[in-house]
Number of protein chains: 4
Amino acid sequence: MKPPATLVALLHGPDQPGLVARTSGWIYARQGNILHADQHRDMEAGEFFQRIEWVPAGPGAANEATELRAFAASLGMSANVARSDHRRQGVLFVSKEDHCFHDLALRWKAGEFAGDFACVISNHADLAGAARHYGLAFHHVPVSAATKPEAERRQREILRTVGAEFAVLARYMQVLTADFLQNCGVPVINIHHSFLPAFAGGKPYHQAHTRGVKLIGATAHYATAVLDDGPIIQQDVVRVTHRHGVDDLVRKGRDLEKLVLAQALRWHLENRILIYGNKTVVFD
Amino acid sequence: MKPPATLVALLHGPDQPGLVARTSGWIYARQGNILHADQHRDMEAGEFFQRIEWVPAGPGAANEATELRAFAASLGMSANVARSDHRRQGVLFVSKEDHCFHDLALRWKAGEFAGDFACVISNHADLAGAARHYGLAFHHVPVSAATKPEAERRQREILRTVGAEFAVLARYMQVLTADFLQNCGVPVINIHHSFLPAFAGGKPYHQAHTRGVKLIGATAHYATAVLDDGPIIQQDVVRVTHRHGVDDLVRKGRDLEKLVLAQALRWHLENRILIYGNKTVVFD
Amino acid sequence: MKPPATLVALLHGPDQPGLVARTSGWIYARQGNILHADQHRDMEAGEFFQRIEWVPAGPGAANEATELRAFAASLGMSANVARSDHRRQGVLFVSKEDHCFHDLALRWKAGEFAGDFACVISNHADLAGAARHYGLAFHHVPVSAATKPEAERRQREILRTVGAEFAVLARYMQVLTADFLQNCGVPVINIHHSFLPAFAGGKPYHQAHTRGVKLIGATAHYATAVLDDGPIIQQDVVRVTHRHGVDDLVRKGRDLEKLVLAQALRWHLENRILIYGNKTVVFD
Amino acid sequence: MKPPATLVALLHGPDQPGLVARTSGWIYARQGNILHADQHRDMEAGEFFQRIEWVPAGPGAANEATELRAFAASLGMSANVARSDHRRQGVLFVSKEDHCFHDLALRWKAGEFAGDFACVISNHADLAGAARHYGLAFHHVPVSAATKPEAERRQREILRTVGAEFAVLARYMQVLTADFLQNCGVPVINIHHSFLPAFAGGKPYHQAHTRGVKLIGATAHYATAVLDDGPIIQQDVVRVTHRHGVDDLVRKGRDLEKLVLAQALRWHLENRILIYGNKTVVFD
């Protein structure tokens, strides 16, 4: 038996007494059954954050989502409401490095994500066959300095055409322009192969090797106009020693990148992430 | 300015719709301000767990605790309510190994715990001077097979005299009897120097070395009548290699034991731990 | 330019003065160039262990391997010598769970292993297509209580036919008999989905959930006649909380299993592992 | 029975064939018994590194150290040779934060270090009593912008007087001048409360909180003329979430700082660390 469809709301606004009671009371009054409720207060900033998941009583989940938004607004909060029976479609950006690509595709096929990849976009043709093997449409959009504006125009068109609600940069080796990121209309999750803010920019494993750090890291974050500076979703590290050359760092880093990016995407698709300022609240 | 006194309730009972709304509604109706609320459902067991921390509106914190217990009972739940302005007193049991003892005493003096050590009980006199240096009364209660019943009688008397509400076995090298544990009237937190359930019983580092494991661990748990079998609070591990002899395991393990025991005690004193069956829910 | 072929010797025997000097002196006298040399002494057991990798001076690597074995014997040591220009062939055993299978196959194709998979053996047909997609021959060898002896006879025959020098049980859900393991003629690496020796046997994630542990683990070990008891190669753990049901443990455990098994196989194929008694020395 | 005195040599120079054989051969020829030998090659830089520990045959350990230095020089290598029967004396610099101070003092008394603290220097008087309780002489050397040159002169004099061979900055909250560091004549180990190179400089936990990282770290390094830029010895991290305010980061960081600094000092005193360029080789 399929579990009943649920609603997940992410609420966010200035703190005030009674918010927990009033949101749960609103749902209870409509005979909804709260499965999970998680709150956070940023005492310093005076902000309130809540993730609440419930089974609505009636069939009108769409209505209930709309009404919750209005209710939240009446409390001075913004609300993002998602329905578990709506699987979001996204686009996977890749280049030639294929480890995150295979990892995400296999996890998707294994049912680990509460969403789907609609297609793959790449600036190289190398992974076309592999994408199709996974049942994913593949769009080859070459990019050069001269063609970048046109390439980004095509990428945005693909996003629109497939009705994308998110994008993932799975070691996509091109910098997306601020213009693209501000206007593509979907959140873009990137994996950077360092423990940000250390070693932002190019060749982070080389930078790490030169500095002689004893741990290397990977960081999944929302891409923003400033390179490698967006809100951090997840990070992890692994120990290295003087015995590890740059090649070893690259190899060990691949495992980190896969785990960190997959975890970030899983959280995103389960509506566990609230962005505020340049930071995230992750209700895990 | 001191933060206002808060109440922390740990609630626990059969799941039913509306519990989140009703508990938060009860507090809101009395004009309390909820600071933190965390819930958990064990779907399989049909159990509901909640930790809720709030600033009561009036001065009557004691009354409010009593009334919340009655309200919880009306919902079929048991409630444990603690007040932040009441610092619980506990007893520290030690033997000769002093690393956990020093660690807990220093953390206590640094203000890391929401409770106090009333005194130290030891079956050896070695740490008497150190205890007094920390300002802790020291009771030397020698234990032998023959004197154990009498020794445990004295230990219970000390617990009673100081009004102990908890006890910590900081590498106390004596097995407390089931009779003591069942009748001492306070929760007893123990640190076992292995990743339980592996290597229960004596000389766990020797056992680990013989088996050739690649990680060693430490486990903080509530002591029960069955040795090394009580509800687990916290565990951690550290990597070892073939280069590490038993002495190295002991040395590396000391750091694990300190961290794991201190974390368990901190959570206990902040009322973050609910025991059910032989497991714990830790609201961290 | 390809790096020159190297020899790797794993030496092992009773400790005596001068072993480091004599083995390195032997290689130096023949104008070999030592790239890595790593030693270990088990002081308690009086055993000496060494891994030494060098570029032999002449073209006669095969001869040099034979001669080193004789030289080691003259020092009372056994020697296992491998040549980097000989890639060992192995067999991958799988059932229906495919995460370790995909992970190993992709790492193999990415060049992470100093050896190859010659074929896949499974008691189910589910992964036949996937195996062929990776370019791997697939042998379906069904197993039932009644047919087990015959099935193991066929498995041994396949090992012989492909010239297997190792086997990997990638979540192969059948217990191999002591007879098979003693007579198959190759080392067999298994992944067990717990932190051994805790939770040996069936359904370890269920056992872990029931016991309420705060970390779950995975263990790669050489399979021996006693189930889940062979020499441990690698272990790792990941944190879990009361929020994680058995399904979450299974999902989180998959990532552990992949990493731990791949690491164990990489070390094995680089001749970094010496077995002695029921333990391993891993020169990483 | 006391173990026999050993020599530990750290060798370092341009790589050439035969170095492993020649150094071990030199010791063997003098009937020394090699206990540990560990090598590393930086293939890119063409550098060879070795740590070798042995029991010399005769009573003349001092002579043997001198002779090994000459022998190493004849191979183009520099050698640092230490004797296990000579315990080095060092100076502990502290300010008001006392967690690293207590941690190091307790480990020292527990026998974890192959060296001793000769005294404590602080710019505040707060820890005078605690230092004396541990049996450590305490020198109060106040520092202000105006008195810094004079203060550093006194500090250097104390180092000279006690015959210091190393110094540890255990959360010493003053920046030592480049002049002091270049002329104090001893290696200086510092603990920085971030995962360098991220968050160098002041208030790293505040910086980490503002950036919204998901892990905080600590770094032990040799202090050099450039602030927080010296060769890294050891690093570690711990997970944090949006629930942790700056105070929590400070508290969690204290445990990291203690472990990382103690590990770095232990390695230093066991002659496990070779510095080259701005990096370290740690033979652990």
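Colleague: How much area do chain A and chain B bury between them?

Modeller: This is a predicted model, where local features need pLDDT of at least 70, side-chain atom pairs count only at pLDDT 80 or more, and totals for chains, interfaces and linings use all residues. Residues are numbered from 1 along each chain as written, chains are lettered from A in written order, and side-chain values use heavy atoms without hydrogens or water. Buried area is the accessible area (1.4 Å probe) that two parts lose on being put together, summed over both. Of the area here, 58% is on carbon and sulfur atoms, and the total is about 1,400 Å².

Colleague: Which residues of chain A lose the most area to chain B?

Modeller: Three residues together account for 30% of what the side of chain A buries. They are A:A21, A:Y28 and A:R41.

Colleague: How many salt bridges does the rule find across the interface?

Modeller: The rule asks for a side-chain nitrogen of Lys or Arg within 4 Å of a carboxyl oxygen of Asp or Glu. Across the interface of chain A and chain B, the number found is 0.

Colleague: What relation links chain A and chain B?

Modeller: Copies are superposed by least squares on the C-alpha atoms of residues with pLDDT of at least 70 in both. A turn of 180° with a shift of 0.0 Å along the axis lays chain A on chain B with an RMSD of 0.0 Å. The relation is therefore that of a two-fold axis.
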